[in-house]
Amino acid sequence: MAEYQRKDHLYNKAKEEGYRSRAAYKLLEIQKKHRLIRSGQVILDLGCYPGGWCQVAAQLGARVVGVDIRTLETFADNTISIVEGDANDPDVQAELLRLAGRKFDLVLSDMSPHLSGIEARDNVRIAELVELAFDIAFQMLRPNGIVVAKAFPCNDVEEVLQRQKKRFQKLKRTRLESTRTTSNELYVTAMLPGGAK
Ligand SMILES: C[S@@+](CC[C@H](N)C(=O)[O-])C[C@H]1O[C@@H](n2cnc3c(N)ncnc32)[C@H](O)[C@@H]1O
């Protein structure tokens with residue numbers, strides 16, 4: 001990726017403010033818009049490397065369990081636990097729930113695949129990760145828990161989201177100002193029903 005594109009003002013701001021990634025500002029913007037994170041919650045962070053979202057969620061008073069294929073630098077903050085592995089692996093999923101000790105209040109997914117540049121192939125991979133995030137949320141969220149998942153507009157993703165409407169309520173798509181202007185990413189939020197009315 002070109003340097004001018006990578007090192008924009010949020011990249012520099014993240015460095016100054018001690019966040020591990022510019023992505024931290026995306027979660028801060030989601031929080032400003034939807035107020036999903038509360039102190040005392042247990043939050044799952046799917047695709048957490050290098051850890052900007054973990055930092056933001058922990059600063060807001062949540063206990064965070066994160067997972068990524070990539071190795072994260074350890075956190076001094078003991079309210080953040082990290083599992084290294086593929087979120088699709090059942091053993092990894094069992095470890096995430098074990099570390100949480102109960103179902104999650106909020107499942108966040110910022111997972112992105114390595115893009116090949118071949119649009120049709122990339123759309124399938126993106127859609128698979130959106131589906132994985134929703135499948136994990138379906139298994140691991142408490143009733144009335146919320147899932148937030150990164151997505152990109154394409155037919156493959158749209159099909160996945162249409163299927164989720166049978167299991168989740170209040171499905172909303174949000175475009176963020178902190179997303180680079182060169183990206184068409186969006187974040188989808190939805191609620192797992194089933195709690196007391
Ligand atoms: C955009 S980065 C996440 C940035 C992060 N939210 C932050 O605040 O620093 C996307 C991450 O998704 C991870 N990822 C993609 N597929 C995954 C999978 N199946 N299991 C776990 N992590 C995955 C990638 O390794 C990558 O580190």
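Tutor: A residue is near a molecule or strand if one of its heavy atoms lies within 4 Å of it. The model is predicted: local features need pLDDT of at least 70, side-chain atom pairs count only at pLDDT 80 or more, and totals for chains, interfaces and linings use all residues. Residues are numbered from 1 along each chain as its sequence is written, and side-chain values use heavy atoms, without hydrogens and water.

Student: Which residues are closest to the ligand?

Tutor: The ligand is surrounded by 20 residues, and S21, W53, D68, D86 and D110 are the closest.

Student: What makes the approach of S21 to an oxygen atom of the ligand a polar contact?

Tutor: A polar contact is a pair of N or O atoms within 3.5 Å; within protein, one must be able to donate a hydrogen and the other to accept it, and residues adjacent in sequence count only if both atoms are side-chain atoms. An N or O atom in the side chain of S21 is 2.8 Å from a ligand oxygen atom, so the pair meets the 3.5 Å limit. A ligand nitrogen atom is likewise 2.8 Å from an N or O atom in the side chain of D110.

Student: How much of the ligand does the protein bury?

Tutor: With accessible areas from the Shrake-Rupley method and a 1.4 Å probe (for residues, only the protein chains shown count as cover), the ligand taken alone exposes 600 Å², of which the protein buries 86%.

Student: Why are β1 and β2 called paired strands?

Tutor: Strands (E, at least two residues) are DSSP runs, numbered from the N terminus, and two of them pair if DSSP finds at least two bridges between them. Five bridges join β1 (residues 42-46) to β2 (residues 63-68), therefore the two strands pair. They run parallel, and V42 stands opposite R63 in β2.

Notes. Helix = DSSP H or I, 4+ residues; strand = E, 2+ residues; numbered from the N terminus.
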